[in-house]
Amino acid sequence: MRRIKLTVAYDGTNYCGWQVQPNGITVQETLNAALSDLFGCEMNTIGASRTDAGVHALGNVAVFDTETRMPADKVAFALNTRLPEDIRIQRSEEVPMEFHPRFTETVKTYEYRILNRTFCDPTRRLYAAFWYGNLNVEAMGEAAGYLVGPHDFKSFSTENPDVTDTVRTIYETKVWKEEDMIHFSITGNGFLYHMVRIIAGTLLEVGKGSYPPEQIPEILKARDRAKAGPTARAQGLTLVRIIYPRWEKTAKNVKKTVDIPECV
């Protein structure tokens, strides 16, 4: 038995999120169907991040187990001929059987985009939230800076009975504007349910002048969802990448030792 890791990019517009569910078609369901068609038997993936309906990804991760002899790096090519145009495998590679995309230490990066102009651009409506008024980007960046470090992010999450530990560590935040698009990037060791979208909604309120940047530490300390801003719309969010530091360090060491050619 072999375990194959897939790096998956998708436009989440037409999907009810990542995870298989009875209420509509999902990215994982579509991927499972393509794998089943490729290998001629029922196949199921395990995903790293359960993105919401309408959320996009450049680098979500999934794994599946198989006894096929197909070279791991060729799986991406074979799958992409069976997937719809809004889902594409960016990389496929073999990993140890003990590798688990959800229960392995990760570093995740998300980006939220806000289209800031007088009138919405319909060609970008599916990939950014929209705000017509003036936004103080400098204040938004200052506010985001207070999130760096280990904090209890209960105020910035939707209640989830399955999650008891709401402490997460944020390594880096950035806020910048390119022409009429504001970008908010955040990197951390994990994120709670709706956490990035609630942070983005709160930063939007800071940009409007509803909150001063210095209020962020107070919101964190309150551990009260009502103290933070609204949940920003899903279409502005993209999962950029997921890095597995321990596994990737091991893989590099193995490559140096035995000169295994790198997968593409």
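Arg117, Asp121, Arg124 and Asp180 are joined to one another in a network of salt bridges, and this network belongs to a model that is predicted. Within the network, Arg117 pairs with Asp180, their closest N and O atoms lying 2.9 Å apart, and this pair ties together distant parts of the chain, since the two residues are 63 residues apart. The structure as a whole holds 14 salt bridges, and the protein chain that carries them has six helices and 10 strands.

**The salt-bridge network**

- Arg117 sits in the loop between strand E5 (107–116) and strand E6 (129–131), whereas Asp180 sits in the loop between strand E8 (167–178) and strand E9 (181–188).
- Arg117 counts as partly exposed because its relative accessibility is 31%, while Asp180 has a relative accessible area of 15% and is therefore buried.
- Arg124 and Asp121 also meet through their side chains in a salt bridge, with a distance of 2.8 Å from N to O.
- In this second pair, Arg124 is partly exposed, its relative accessible area being 24%, whereas Asp121 is buried, its relative accessible area being 15%.

**Lys5 and its surroundings**

- Another salt bridge is formed by the side chains of Lys5 and Glu93, at 3.3 Å from N to O.
- This pair, too, links distant parts of the chain, with Lys5 in strand E1 (residues 2–10) and Glu93 in strand E4 (residues 87–95), 88 residues apart.
- Both partners, Lys5 and Glu93, are buried; for Lys5 the relative accessibility is 4%, which falls under the 20% limit, so the residue counts as buried.
- When residues up to four places away in sequence are set aside, Lys5 touches a set of residues including Val61, Ala62, Val63, Arg91 and Ser92, and the list also includes Phe99, Tyr244 and Trp247.

**Helix H4 and the loop after it**

- Helix H4 (residues 195–208) consists of 14 residues and reaches 20 Å from its first C-alpha to its last, which is close to the 20 Å expected at 1.5 Å a residue.
- Of the 14 residues of H4, 13 are buried, so the helix is largely enclosed by the rest of the structure.
- Gly209, just after H4, takes a positive phi of about 100°.
- Ser210 lies in the loop between H4 and helix H5 (216–222), and Ser210 counts as partly exposed because its relative accessibility is 42%.
- Ser210 and Met43 are 167 residues apart along the chain, and their C-alpha atoms are separated by 49 Å.

**Gln19 in its loop**

- Gln19 is found in the loop between E1 and helix H1 (27–39), where it counts as partly exposed because its relative accessibility is 35%.
- Leaving aside neighbours within four places in sequence, Gln19 is in contact with Thr26, Gln28 and Arg50.
- Gln19 and Ile242 are 223 residues apart in sequence, and their C-alpha atoms are 17 Å apart in space.

**The chain as a whole**

- The radius of gyration of the protein chain is 20 Å, close to the 18 Å that the globule rule gives for 264 residues, so the chain is as compact as a globular protein of that length.
- Along its principal axes, the C-alpha trace of the protein chain spans about 60 × 40 × 35 Å.
- Of the 264 residues in the protein chain, 51% are buried, and the accessible surface comes to about 13500 Å², with 50% of that area belonging to carbon and sulfur atoms.
- Among contacts in the protein chain with a separation of 6 or more, 70% are between residues 24 or more positions apart.

**Confidence in the model**

- The mean pLDDT of the protein chain is 93, and 94% of its residues reach 70 or more.
- Over residues 252–264, however, the pLDDT is below 50, and this stretch has 12 contacts in the model beyond near neighbours in sequence.
- Where pLDDT is low, the predicted coordinates should not be read in detail.

Methods:
Residues are numbered from 1 along each chain as its sequence is written. This is a predicted model: local features need pLDDT of at least 70, side-chain atom pairs count only at pLDDT 80 or more; totals for chains, interfaces and linings use all residues. Side-chain values use heavy atoms; hydrogens and water are left out. A salt bridge is a side-chain nitrogen of Lys or Arg within 4 Å of a carboxyl oxygen of Asp or Glu. Helices (H or I, at least four residues) and strands (E, at least two) are DSSP runs, numbered from the N terminus. Buried means under 20% relative accessible area, exposed over 50%, partly exposed in between (1.4 Å probe, protein chains only). Contact means heavy atoms within 4.5 Å. pLDDT is the predictor's confidence in each residue, from 0 to 100. The expected span of a helix is 1.5 Å times one less than its number of residues. The radius of gyration is taken over C-alpha atoms; the globule rule is 2.2 Å times the number of residues to the power 0.38. Accessible areas come from the Shrake-Rupley method with a 1.4 Å probe; for residues, only the protein chains shown count as cover.
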